[in-house]
Amino acid sequence: MLINFILNKKEYTVDADPSKRLIDFLREDMGLTGTKEGCGEGECGTCTVIMDGKAVSSCLVLAGQLNRKSITTIEGLAVNSSLSVLQKSFIEHGAVQCGYCTPGMLMSATALLEEAPEPTEKEIRTALAGNICRCADYSAIVNAVADAAKTINGEKDSQQ
């Protein structure tokens, strides 16, 4: 099946198996291995990507559902080969431990900041509730997202 979609701001038309899971399509067919698989059941958030502005579990989406959609993966967050404000904030706040769940956390947080540029702590925690991490400090992750929002909104100098 020919699938027309946008992936990380670039248009593609690909002949793909429509029943293949999005995570497998991204990793195997598109060569984007930043998206990780955790549970394979949509419970852990590790495989989160953004589809048409919404955070989705790529293990639950089929390639056939991509037609005329826009997908952003962790590889699409960097701007001109520089880490995004959110990625930098995760590093500054020590919100990254082993890093396995980090791409999914970053994608959920990115979707939140696109929808709610000035999120409350409760909104951040709610947006990240579907992302499980076994080794990081959730407070550091929440603080990283809140701090990134302040930087993006000009309330904090990005060089601080």
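Helix axes in these views are lines fitted to C-alpha atoms over the stretch in contact, and their angles run from 0 to 180 degrees between N-to-C directions. The close-ups come from a predicted model, where local features need pLDDT of at least 70, side-chain atom pairs count only at pLDDT 80 or more, and totals for chains, interfaces and linings use all residues. Residues are numbered from 1 along each chain as its sequence is written, and side-chain values rest on heavy atoms, with hydrogens and water left out.

**View A. Helix 3 packs against helix 5.** Helices here are DSSP runs of H or I with at least four residues, strands are runs of E with at least two, and both are numbered from the N terminus. Helix 5 spans residues 138–152, and its axis lies 11 Å from that of helix 3, at an angle of about 40 degrees. That angle makes helix 3 oblique to helix 5; oblique is what remains after roughly parallel (under 35 degrees), roughly antiparallel (over 145) and roughly perpendicular (65 to 115). The crossing of helix 3 and helix 5 is right-handed, meaning that the near helix is turned clockwise from the far one by less than a right angle, whereas an anticlockwise turn would be left-handed. To find your way around, look for P103 in helix 3. P103 counts as buried, at 12% relative accessibility; the cut-offs are under 20% relative accessible area for buried, over 50% for exposed and in between for partly exposed (1.4 Å probe, protein chains only). From C-alpha to C-alpha, P103 and I141 are 12 Å apart in space, with their positions 38 residues apart in sequence.

**View B. Helix 2 crosses helix 3.** Now look at the other pairing of helix 3, which covers residues 102–115. The axes of helix 2 and helix 3 come within 10 Å and cross at roughly 125 degrees. With that angle, helix 2 is oblique to helix 3. The crossing of this pair is right-handed. L112 is a handy landmark in helix 3, and it counts as buried with a relative accessibility of 11%. G53 sits 59 residues away from L112 in sequence, yet the two C-alpha atoms are 9.1 Å apart in space.

**View C. R21 has salt bridges to D24 and to E37.** A salt bridge here is a side-chain nitrogen of Lys or Arg within 4 Å of a carboxyl oxygen of Asp or Glu. The R21 and D24 side chains meet with an N to O distance of 2.8 Å. D24 counts as buried at 19% relative accessibility, while R21 is partly exposed at 23% relative accessible area. For the pair R21 and E37, the closest N and O atoms are 2.9 Å apart. R21 belongs to the loop between strand 2 (10–15) and helix 1 (22–29), and E37 to the loop between helix 1 and strand 3 (48–51), so this pair ties together parts 16 residues apart in sequence. E37 is partly exposed, at 30% relative accessibility.

**View D. K20, E28 and D29 share a salt-bridge network.** Within it, the closest N and O atoms of K20 and D29 are 2.8 Å apart. D29 is partly exposed, with 38% relative accessible area. How many salt bridges does a search of the whole structure find? The count is seven.

**View E. L83, I91 and V96 form a nonpolar surface patch.** Together these side chains present about 240 Å² of accessible area, computed by the Shrake-Rupley method with a 1.4 Å probe, where only the protein chains shown count as cover for residues. Patch members have over 30% relative accessible area and no salt bridge; nonpolar side chains (Val, Leu, Ile, Met, Phe, Trp, Tyr) are joined within 5 Å, and like charges within 9 Å. L83 lies in the loop between strand 5 (69–72) and helix 2 (85–92), where it counts as partly exposed at 39% relative accessibility.

**View F. D52 and S81 have positive phi angles.** Neither residue is a glycine. D52 has a phi of about 50 degrees and sits in the loop between strand 3 and strand 4 (54–57). Its relative accessibility of 40% makes D52 partly exposed. For S81, phi is about 65 degrees, and its place is in the loop between strand 5 and helix 2. S81 counts as exposed, at 78% relative accessibility.
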